[in-house]
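Dear colleague,

I am handing over a structure to you with this email, and I would ask you to open it and turn it around for a while before reading on. My notes on what was found in it come after the display.

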Amino acid sequence: RDRSVSRGLGDVYKRQEYEQRTSTYDQYDQLSVQDLHKVLDDYEFEIIYPLYFKQQSVAEVAKQKQKTRQAINQTKIKALKKLKVAWGGERNKAVL
């Protein structure tokens, strides 16, 4: 019985390790809403929050804001660059 429990935990750890290696996990996954407000202006926050915290698409945010997808993407890129500079994210170039 103990072996099955430890084997089960081993499977969980292997799965977590695999997901971390193969996912888009990076330092930005641990940001809080307060952290975002410290770096981003209000409009940038209104774009980043629904995209990354509510898992909305660029098209959904664009429709809500009555902006083009291109405008939302430009703001998203600008905001992510600001976050990258603020947290020294040189090692996480894949975010952009």
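What follows goes from the overall layout to one helix pair and then to a few loop residues.

Please keep in mind from the start that this is a predicted model, and that the predictor's confidence, given as pLDDT, averages 76 over the protein, with 59% of the residues scoring at least 70. That confidence is spread unevenly over the elements, for helix α1 (residues 2-22) has the lowest mean pLDDT, 54, whereas α4 has the highest, 96. Over residues 1-7 the pLDDT stays under 50, and the model has zero contacts for this stretch beyond four places in sequence. Where pLDDT is low, the predicted coordinates should not be read in detail.

As for the layout, the secondary structure comes to five helices and zero strands, so that a reading along the sequence gives the pattern α-α-α-α-α. The protein has 96 residues, of which 25% are buried. Among the contacts with a separation of 6 or more, 53% are between residues 24 or more positions apart.

One helix pair can be described in some detail, namely α3 (42-53) and α4 (58-65), whose axes come within 9 Å and cross at roughly 140°. Is this arrangement oblique or antiparallel? Because an angle has to be over 145 degrees to count as roughly antiparallel, and the angle here is roughly 140°, α3 is oblique to α4. The crossing of α3 past α4 is right-handed. On the side of α3 the contact is made by E46, I47, P50 and L51, and on the side of α4 by V58, V61 and K65. Sorted by character, the residues of this contact comprise five nonpolar and two charged ones, with no polar residue among them.

Two glutamines in the loops deserve a careful look at their backbone. Q55, which is found in the loop between α3 and α4, has a positive phi of about 60° although it is not a glycine. Q66, in the loop between α4 and α5 (69-86), likewise is a residue other than glycine with a positive phi, in this case near 55°. Are these two residues buried or exposed? Since exposed means over 50% relative accessible area, Q55 counts as exposed at 63%, and Q66 counts as exposed at 73%.

The loop between α4 and α5 also holds K67, which at 44% relative accessibility counts as partly exposed. Which residues does K67 touch, if those up to four places away in sequence are not counted? They are Y43, A62 and I72.

Finally, you may like to find D41, which lies in the loop between α2 (33-39) and α3 and which, at 36% relative accessibility, counts as partly exposed. Although D41 and A79 are 38 residues apart in sequence, their C-alpha atoms are 8.6 Å apart in space.

When you go through the model yourself, you could begin with α4, the element with the highest mean pLDDT, and follow its contact with α3 through V58, V61 and K65, before you turn to Q66 and K67 in the loop between α4 and α5.

With best wishes

Methods:
Residues are numbered from 1 along each chain as its sequence is written. This is a predicted model: local features need pLDDT of at least 70, side-chain atom pairs count only at pLDDT 80 or more; totals for chains, interfaces and linings use all residues. Side-chain values use heavy atoms; hydrogens and water are left out. Helices (H or I, at least four residues) and strands (E, at least two) are DSSP runs, numbered from the N terminus. Buried means under 20% relative accessible area, exposed over 50%, partly exposed in between (1.4 Å probe, protein chains only). Axes are lines fitted to C-alpha atoms, for helices over the stretch in contact, and angles run from 0 to 180 degrees between N-to-C directions. Angles under 35 degrees count as roughly parallel, over 145 as roughly antiparallel, 65 to 115 as roughly perpendicular and the rest as oblique. A crossing is left-handed if the near helix is turned anticlockwise from the far one by less than a right angle, and right-handed if clockwise. Contact means heavy atoms within 4.5 Å. Ala, Val, Leu, Ile, Met, Phe, Trp, Tyr, Cys and Pro count as nonpolar, Asp, Glu, Lys and Arg as charged, and the others, Gly among them, as polar. pLDDT is the predictor's confidence in each residue, from 0 to 100.
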